[in-house]
Amino acid sequence: MDEQTRKLLGVDENKPNDWFESLYSESNEAGEGVPWANMSPHPLFNSWMEENQLMGKGKTALVIGCGMGDDAIKLESHGFNVTAFDVSNSAIALCKKRFPNSQVTFVQADLLKGIPEWKGKFDFVLEIFTIQALPPKYEEVLIKHVSDFVSNNGKLLMITEIQNDKRVFENGPPWLLNKDYKQSFENHGLKEVFHTTSTEAEMGDEIHLTVFQKQL
Ligand SMILES: C[S@@+](CC[C@H](N)C(=O)[O-])C[C@H]1O[C@@H](n2cnc3c(N)ncnc32)[C@H](O)[C@@H]1O
């Protein structure tokens with residue numbers, strides 16, 4: 001993305017959350033105005049859920065950067081007790097408007113700050129395209145905060161696009177990850193238990209779906 005488009009969107013490396021609220025506040029529950037809105041669960045996540053027949057009865061799940069909320073609803077349909085958060089209040093309002101009968105707890109929270117009361121609380125954590133939505137200088141702290149949410153023996157499923165070029169602020173958003181993200185999660189006690197790579201990435205060289213399990 002060039003400097004002019006970044007300016008137009010209001011992307012600021014030192015206030016990286018702000019432009020999301022502006023974007024969602026000018027969008028609607030049909031997803032108009034949200035460039036990444038699928039209005040359905042992410043297809044790779046959806047297939048993985050169906051293939052693995054994941055059953056969530058009696059288990060907790062957390063959706064990070066939940067956007068329009070469809071992935072949270074998918075987890076709820078598999079029986080999980082779901083919490084889903086986004087930094088944008090307007091995104092959370094759209095989720096509540098779209099799914100008024102859902103039991104999902106949609107809540108505003110900031111991944112950059114971390115949420116200490118959620119430490120080790122979730123059996124299943126889902127992260128799709130949120131780390132890559134924030135500038136590279138925050139990668140370490142974001143990976144730590146995502147890892148913190150996972151309970152012992154719990155799982156983290158993440159979907160991310162990968163670039164072979166080095167991550168630099170001037171090329172985003174998004175700031176696609178490099179392959180070394182896996183090592184960073186492993187440094188926080190998360191062991192890779194499943195991985196699939198697709199070359200059908202929209203922007204990067206590859207798209208990864210990786211499942212980690214916490215082993216303390
Ligand atoms: C590229 S979108 C992906 C949304 C959704 N996961 C999806 O796949 O459709 C990134 C999302 O992360 C949210 N986000 C950005 N910074 C965040 C932060 N610091 N804490 C929580 N959510 C954040 C944005 O508001 C946006 O909804």
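**View 1. The loop between strand 4 and helix 6 holds F129.** Helices (H or I, at least four residues) and strands (E, at least two) are DSSP runs, numbered from the N terminus. This is a predicted model, in which local features need pLDDT of at least 70, side-chain atom pairs count only at pLDDT 80 or more, and totals for chains, interfaces and linings use all residues. Residues are numbered from 1 along each chain as its sequence is written. Most residues other than glycine have a negative phi, and most peptide bonds are trans. Phi of F129, however, is near 65°, a positive value in a residue other than glycine. F129 is partly exposed, with 18 other C-beta atoms within 10 Å. A residue is called buried if 20 or more other C-beta atoms lie within 10 Å of its own, exposed if 12 or fewer, and partly exposed in between, with C-beta atoms placed from the backbone.

**View 2. N153 in strand 5 has a positive phi.** The value is about 75°, although N153 is not a glycine. N153 is exposed, with 10 other C-beta atoms within 10 Å.

**View 3. Two cis peptide bonds, G172 to P173 and P173 to P174.** Omega is about -5° for the bond joining G172 and P173, and about -5° for the bond joining P173 and P174. P173 lies in the loop between strand 5 and helix 7, and P174 is found in the loop between strand 5 and helix 7.

**View 4. An open sheet of 7 strands with mixed pairing.** Strands of a sheet pair through backbone hydrogen bonds, either parallel or antiparallel. Two strands are counted as paired if DSSP finds at least two bridges between them. The strand order is 3-2-1-4-5-7-6. Strand 3 (105-108) and strand 6 (190-198) stand at the edges, each with a single partner strand, so one side of each has no neighbour in the sheet. Strand 1 and strand 2 (residues 81-86) pair in the parallel sense over 5 bridges, and L62 stands opposite T83 in strand 2. Strand 5 (residues 150-162) and strand 7 (residues 206-214) run antiparallel and are joined by 8 bridges; L157 stands opposite V211 in strand 7. Of the 5 residues of strand 1, 4 are buried.

**View 5. Helix 6 (residues 139-149) lies across four strands: strand 1, strand 4, strand 5 and strand 6.** Helix 6 runs at about 150° to strand 4 (122-128). Axes are lines fitted to C-alpha atoms, for helices over the stretch in contact, and angles run from 0 to 180 degrees between N-to-C directions. L142, I143, H145, V146, S147 and F149 of helix 6 are buried. The buried residues of helix 6 pack against strand 1, strand 4, strand 5, helix 7 (181-186) and strand 6; two residues are in contact if their C-beta atoms, placed from the backbone, lie within 7 Å.

**View 6. The surroundings of the ligand comprise 19 residues.** The closest are F20, G65, G67, V87 and L111. A residue is near a molecule or strand if its C-beta atom, placed from the backbone, lies within 6 Å of it. The shell divides into 10 nonpolar, 7 polar and 2 charged residues. Ala, Val, Leu, Ile, Met, Phe, Trp, Tyr, Cys and Pro count as nonpolar, Asp, Glu, Lys and Arg as charged, and the others, Gly among them, as polar.
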